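This report walks through the fold of one protein chain, from its domains to some local backbone features. Please keep the sequence and the structure at hand while reading.

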Amino acid sequence: MIGAAFTCNICGHAGHFDPVGDWREAPSCDGCGSSVRMRSMIHYLLDGLLGRSPGLAGLKRRRTTGVGLSDWEGYAAPLSRAFAYTNTFYHQAPRLDICAPGKEHLGKYDFLMSSDVFEHVPPPASRAFDNAFALLRAGGLLVLTVPFADNPDTIEHYPDLRSFAVVELDGEWVVVARSADGSLALHTNPVFHGGPGSTLELRLFSRAGVIADLAAAGFVDIEVHGGAVPEWGVFPPHHHGLPITARKPASAIRKLLGRKLGAARPN
Ligand SMILES: [Zn+2]
């Protein structure tokens, strides 16, 4: 594939996309350093919220509420100017633990951004999917990325894990894990994201597994977005880890009304 001109939908910079190295993660905007993944998340967020994808630069401020889980600052700043959006963190204020969000967050948000987080949360991962659903208002939008593969099921590396420590021993990284029953186990060859000793991969999602997890949590309109959006510099590099959108159903009353109206409609 040859390079292509694009405008960054995050900073508005007009640039040229050259498909080198890791397309998904490598910075490919000379203005803000956004990657394909970051621009694709913003594209599908705006498309899902507004029904069109105008880019963040120059967007008029809206009351739409949103929350991010340790989002990249490069798009968190423009998102907070365009929407009533807050970026949150696990270790620092403003805090939000997707495995145990405070009651003040529940049912509050029109959108939730979760960028490569769910592969790192302690098992069961279903808790994170359930809480993502709980944070959203009826009709709210989840924009999710996780690395996934074509394996039939999600592979949990440490299924019974309750707590763990990552230790470097004689130049080798190992994981000391405590199970639910209190027993300790030693795991070799851990997979890290962001360099050795940093963020531990707890599971490798399968494409079907993520979709099933979202459906089990109650999400509808689940879509894995594999298309290119050349004008915004979105060129899917591979089929693993594409952006996913999913929606919390509209309110029960609206659904009920819809059913009644549908039932009353003559065939
Ligand atoms: Zn940019």
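Before turning to how a helix lies on a sheet, one term needs fixing: an axis is a line fitted to C-alpha atoms, for helices over the stretch in contact, and angles run from 0 to 180 degrees between N-to-C directions. The model discussed here is predicted.

**Domains**

The domain assignment of the chain gives two parts, with domain 1 made of 4–157 + 201–264 and domain 2 covering 158–198. Their C-alpha centres lie 28 Å apart, and the contact between them involves six residues of domain 1 and six residues of domain 2. On the side of domain 1 that touches domain 2, the residues divide by class into three nonpolar, one polar and two charged.

**The sheet 7-14-8 and its helices**

Strands 7, 14 and 8 form an open sheet of three strands in the order 7-14-8, with mixed pairing. Strand 7 (148–149) and strand 8 (155–156) stand at the edges with a single partner strand each, so one side of each is left without a neighbour in the sheet. Strand 14 (residues 203–206) runs antiparallel to strand 8, to which two bridges join it, and R203 in strand 14 is the bridge partner of E156.

Helix 4 (residues 207–217) lies across strand 7 and strand 14, and runs at about 85 degrees to strand 14. Helix 4 also meets helix 3 (residues 126–135): the two axes come within 9 Å and cross at roughly 50 degrees. How, then, are helix 3 and helix 4 oriented to each other? Angles under 35 degrees count as roughly parallel, over 145 as roughly antiparallel and 65 to 115 as roughly perpendicular, with the rest taken as oblique; helix 3 and helix 4 are therefore oblique to each other. The crossing in which helix 3 passes helix 4 is right-handed. Helix 3 makes the contact through S126, F129, D130, A132 and F133, while helix 4 contributes D213, L214, A216 and A217. By class, this contact of helix 3 with helix 4 has six nonpolar, one polar and two charged residues.

**The sheet 9-10-11**

A second open sheet of three strands has the order 9-10-11, with antiparallel pairing. Its edge strands are strand 9 and strand 11 (184–188), each of which pairs on one side only, and the twist from one strand to the next averages 25 degrees. The two pairings in this sheet are set out below.

| Strands | Bridges | Residues standing opposite |
|---|---|---|
| Strand 9 (residues 161–169) and strand 10 (residues 172–179) | Eight bridges, antiparallel | L169 and E172 |
| Strand 10 and strand 11 | Five bridges, antiparallel | V175 and H187 |

Strand 9 and strand 10 form a hairpin with two residues between the strands, in which D170 takes a positive phi near 50 degrees.

**Local backbone features**

Most residues other than glycine have a negative phi, and most peptide bonds are trans. Against that background, D116, a residue other than glycine, has a positive phi near 50 degrees, and D116 is found in the loop between strand 5 and helix 3. That loop also holds P124, and the peptide bond joining P123 and P124 is cis, with omega about 0 degrees. Another cis peptide bond runs from A93 to P94, with omega near -10 degrees; P94 has its place in the loop between strand 4 (84–88) and strand 5 (109–115).

Notes: Residues are numbered from 1 along each chain as its sequence is written. This is a predicted model: local features need pLDDT of at least 70, side-chain atom pairs count only at pLDDT 80 or more; totals for chains, interfaces and linings use all residues. Two strands pair if DSSP finds at least two bridges between them. Helices (H or I, at least four residues) and strands (E, at least two) are DSSP runs, numbered from the N terminus. Two residues are in contact if their C-beta atoms, placed from the backbone, lie within 7 Å. A crossing is left-handed if the near helix is turned anticlockwise from the far one by less than a right angle, and right-handed if clockwise. Ala, Val, Leu, Ile, Met, Phe, Trp, Tyr, Cys and Pro count as nonpolar, Asp, Glu, Lys and Arg as charged, and the others, Gly among them, as polar. Domain bounds come from an automatic or database domain assignment.
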